[in-house]
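This report looks at how a protein chain and a DNA strand sit together. Start with the structure below, then read on for the contacts and the core.

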Amino acid sequence: MRKMTMRRAFSVSLLRSNPLLLSHSSGNSAVVALDNHYYFNSSSSSSCCVFTSTFHVYAISHFSTNPNPTHARLKQLLLEKSKSGFDKLDDALAVFDKMLHMKPLLPVINFNQLLAALVKMKEHSVTVSLFKDMCVKGIPVDLFTFNTAINCFCHLNRVDYAFSLLAGTIKRGFHPDVVTYTTLIRGLISQDNPAEAQLLFINLIRFKLIQPNVVTYTTIINGLCKRGHISTAVMLFRYMEKKGCKPNTVTYSTLIDCLCKLRLVDQALGLLHEMTKKGITPDVITYSSLIQGLCDFNRWQDVNQLLSEMNTRNISPDVHTFNILVDAYGKEGMINDAEDVIEFMIQRGQHPDVVTYNALMDGYCLRGEVDKALAVLETTMKRRGIVPNTRTYNILINGYCKKFKVDRAVDLFQQLPREGLSPTVYTYTTILQGYFLTGRHVEARKFFKEKMMLNKALTLDNFTCSILLHGLCQNRFVVEALSFFDTMLSAGLIPNICIYNTLIDGLSKNGHLEKARSLFDNLPLKGLRPDVKTYTMMIQAYCHDGLLNDANELFLKMEANGCLPDDVTYNTLIRGFFHNKKYNEAGVLMDEMCARGFSADASTASALLDLLKSQEQNPALLALRKKFLT
DNA sequence: GTAGGGTTAG
């Protein structure tokens, strides 16, 4: 509690005392149009000179050849919007429509700017459709246009169409460049097809089609990181340096983020140091990744140090950075601090978004204050015009289920379509879990059969199935569970170890030890390795049935198989020894457990106390009490 | 004017 209070004072006051921390970053330059005169504003005087002189040349040539001021204004608008996107999709479409009917047509570069604006707005399918329109209407296109469309297909997870378009590009006589191929590599990786991506990369180099650049390498490094191949990513990172391709801020940020997500935050800080030493400047994204990594470890002092370092370097935290802080405070139960961060960001002109409020609401739910979370949705978000998404509702639904208020959760579930939102597999699973949690297994099974199974749009995952299997087993519907397991298999879902753990536990607790044992023994055939939970569950099952030798043998075997027992495993086997009056064996195991840094849990301690009550004079038990309960 | 990096829930 004391730690929390100190942290609050420290962090929030630090934010307050650093006005620069939140000063608007206006970018390098902005264009302002006043009475047909154009001015460049720039935050740095040197770039101002460059831009101003460039613009003079542009302006003179432009006005001397094009007397139509509408064209000039439109072009200016397109230049601006290509960087920021339009505020509304309709605005972009209206401009496109106008452009289609202009005579003479604007040059292709202006059409490309419009498409770029749409990409900025993440309107990938609209971009593709406008691209098609252009092709049909015979508007000239160039390689930039094709690259943009290929990129959009990749974002829409249609890499197949992207490759068709590659063929189209070549057919039109364009030479696909490093941008085209880098885009396709990213598409393949994001569609979980790293082998094809690798093959494409190798062939591009082998046939000298392109020279990979820093973006190509960074794209692949990111793909490797996201798939958990950090060491390969680092190898490629060092390789690109050796090949004379210098990593930049994005390359370093990619690796730093990956290291942070793997909880290797000190190594990430090492890379920050390395890049700074090389003169590569970190930016707000680099710092945000590191702040997230440090928050995960509650390293608040380090977080504050980075915030003040950002301040020194004149890098302003943005909405992502603040969202990380709101989330971190919320997860720590420090809801007032989370609210303070939001208030602060608003003061500094940064607009909280749906992610901000979802994080805040989740913070309230974690404290059990679901009604307050609901008030955030109904009052604050509404007032500020922030549109909730399915996640917003999922957070509330989960909050109410955890408080055993499933009916309240179902109300919100039914509200979703009225808000124009669709429930996800997460929504359904939460409700299913809520029903089981409150013992309403009849409704749970009905909900699953009628709402989930019949919803064709719903793809069940292993998590959902494990909730159902657990609920069924817990309520002694073992036959139904096994039958559903068969359905899963025939539907092509590949069960993971969690599914098997749920089944093994459920079967053994319902008197089907032999069936559980057979599933366990067959795991290697399914290509699965038992984890510490699997072993512990089997050990518990053996102990429960008095098969102490089997339990002990498995305990020894698991370590030989490279799976270290944890505190639960030790406590389970120790209680097994207790129940079977093997007090000396229990004592030896307790010594071993303590030597490994684990201790007796509440259930083991109470089992020992119970034994002492009935056998006050048992010397072995007295020795155990002396050793472990003082 | 086209490609690469960061935020929330079971």
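Ala, Val, Leu, Ile, Met, Phe, Trp, Tyr, Cys and Pro count here as nonpolar, Asp, Glu, Lys and Arg as charged, and the others, Gly among them, as polar. On that basis, the surface near DNA strand B has 30 polar, 15 nonpolar and 14 charged residues. The model is predicted.

**The DNA surface**

In total, 59 residues surround DNA strand B. The closest are N112, N147, S253, R391 and Y426. Which part of the strand faces the protein? Of the strand B atoms within 4 Å of the protein, 39% belong to sugar or phosphate, and the rest belong to bases.

Three side chains have polar atoms at short range from the strand, as the table shows.

| Residue | Partner in DNA strand B | Distance |
|---|---|---|
| K331 | phosphate oxygen | 3.0 Å |
| R391 | base nitrogen | 2.4 Å |
| T429 | base nitrogen | 3.2 Å |

**Helix α13 and S253**

Which element gives the largest share of the surface near DNA strand B? Helix α13, residues 249-261, supplies 7 residues. S253 is found in this helix. Is S253 buried or exposed? Buried means under 20% relative accessible area, with only protein chains counted. S253 has 6% relative accessibility, so S253 counts as buried. A polar atom of the S253 side chain lies 2.7 Å from the backbone oxygen of T249. Leaving aside neighbours within four places in sequence, S253 is in contact with D283 and T286.

**Aromatic pairs**

The count comes to 16 aromatic pairs. In one of them, the ring centres of F237 and Y252 are 5.1 Å apart and the planes lie at 85 degrees, so the pair is edge-to-face. F237 lies in helix α12 (residues 230-242) and Y252 in helix α13, so the pair ties together parts 15 residues apart in sequence. F237 has 0% relative accessibility and counts as buried. Y252 also counts as buried, at 0%.

F520 and Y535 form an edge-to-face pair too: 5.8 Å centre to centre, with 75 degrees between the planes. F520 lies in helix α28 (residues 513-521) and Y535 in helix α29 (residues 532-544), so this pair ties together parts 15 residues apart in sequence. Both F520 and Y535 are buried. Elsewhere, F413, Y428, Y435 and F447 form one aromatic cluster.

**The chain as a whole**

Chain A has 34 helices and 2 strands. Of its 630 residues, 46% count as buried. Chain A exposes about 33,100 Å², and carbon and sulfur atoms supply 56% of that area. Among contacts with a separation of 6 or more, 60% join residues 24 or more positions apart.

Definitions and conventions. Residues are numbered from 1 along each chain as its sequence is written. Chains are lettered from A and ligands numbered from 1 in the order in which they are written. This is a predicted model: local features need pLDDT of at least 70, side-chain atom pairs count only at pLDDT 80 or more; totals for chains, interfaces and linings use all residues. Side-chain values use heavy atoms; hydrogens and water are left out. A residue is near a molecule or strand if one of its heavy atoms lies within 4 Å of it. A polar contact is a pair of N or O atoms within 3.5 Å; within protein, one must be able to donate a hydrogen and the other to accept it, and residues adjacent in sequence count only if both atoms are side-chain atoms. Helices (H or I, at least four residues) and strands (E, at least two) are DSSP runs, numbered from the N terminus. Buried means under 20% relative accessible area, exposed over 50%, partly exposed in between (1.4 Å probe, protein chains only). Contact means heavy atoms within 4.5 Å. Accessible areas come from the Shrake-Rupley method with a 1.4 Å probe; for residues, only the protein chains shown count as cover. Rings of Phe, Tyr and Trp (its six-membered ring) pair if their centres lie within 6.5 Å; planes under 30 degrees apart count as stacked, over 60 as edge-to-face and the rest as tilted.
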